[in-house]
Amino acid sequence: EYDSTDLDEKIDVYSYSNLLYCVLTGLWPCYRIQDDDMVQNKVTAGERPLYNATGRSTIVQRLAHVMEIGWTQNVTQRPDIFTLLRLLRSHQSDLVV
């Protein structure tokens, strides 16, 4: 997100994915890194936290999938929030507890 000169709502999609990571793990995506410059370098290089949803419940797998889509490195290819909402709604029956 640091290398984008024209910021738009897609940075919020990236942030939404960060929040999903927090919900799924209880941790902030870069919790192990104290240096902000190092975090910036990793994000700019396309590094994302690992999360393995294999073997998890359907709801966790769906949320992890949305999280990964929201972290798409190329901002022009990253979906807008409405696309993520449609994806979540398409799996609404899986998400009802």
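**A tour of a five-helix chain**

Read from start to end, the chain runs α-α-α-α-α. This is a predicted model. Colour it by secondary structure: there are five helices and zero strands.

**Stop 1: the whole chain**

Show the surface. The accessible surface comes to about 6500 Å². Carbon and sulfur atoms hold 52% of that area. Now think about the inside. Of the 97 residues in the chain, 30% are buried. Next, turn to contacts. Take those with a separation of 6 or more: 63% of them link residues 24 or more positions apart.

**Stop 2: two helices side by side**

Select residues 10–25, which form helix H1, and residues 58–70, which form helix H3. How far apart are the axes of H1 and H3? They lie 8 Å apart, and the two helices pack at an angle of about 150 degrees. The crossing of H1 and H3 is left-handed.

Now show the side chains where they meet. On H1, pick Val 13, Tyr 14, Tyr 16, Ser 17, Leu 20, Tyr 21 and Leu 24. On H3, pick Val 60, Leu 63, Ala 64, Val 66, Met 67 and Gly 70. Sort the residues of this contact by class: eleven are nonpolar, two are polar and none is charged.

**Stop 3: a pair of rings**

Keep Tyr 21 on screen and add Trp 71. The model has one aromatic pair. The ring centres of Tyr 21 and Trp 71 are 6.0 Å apart. Why is the pair called tilted? Its ring planes stand at 45 degrees, and the tilted class covers angles that are neither under 30 nor over 60 degrees.

Zoom out a little. Tyr 21 sits in helix H1, while Trp 71 sits in the loop between H3 and helix H4 (81–90). The pair therefore ties together parts that are 50 residues apart in sequence.

Are these two residues buried or exposed? Tyr 21 has a relative accessibility of 6%, so it counts as buried, because the cut-off for buried is under 20%. Trp 71 is buried too, with a relative accessible area of 6%.

**Stop 4: out to a loop**

Select Leu 50. It is found in the loop between helix H2 (36–44) and H3. Leu 50 counts as exposed, because its relative accessibility is 79% and exposed means over 50%.

Last, add Glu 68 and draw a line between the two C-alpha atoms. Leu 50 and Glu 68 are 9.8 Å apart in space by that line. In sequence, 18 residues separate Leu 50 from Glu 68.

Definitions and conventions
Residues numbered from 1 in each chain as written. Predicted model: local features only at pLDDT ≥ 70, side-chain atom pairs only at ≥ 80, totals over all residues. Heavy atoms only, no water. Helix = DSSP H or I, 4+ residues; strand = E, 2+ residues; numbered from the N terminus. Buried < 20%, exposed > 50% of the residue type's maximum accessible area, 1.4 Å probe, protein only. Contact = heavy atoms within 4.5 Å. Areas by Shrake-Rupley, 256 points an atom, 1.4 Å probe, with all protein chains shown as cover. Axes fitted to C-alpha atoms, helices over the stretch in contact; angles between N-to-C directions. Left-handed = near helix turned anticlockwise from the far one by under 90°. Nonpolar A, V, L, I, M, F, W, Y, C, P; charged D, E, K, R; others polar. Phe/Tyr/Trp six-rings, centres within 6.5 Å; stacked < 30°, edge-to-face > 60°.
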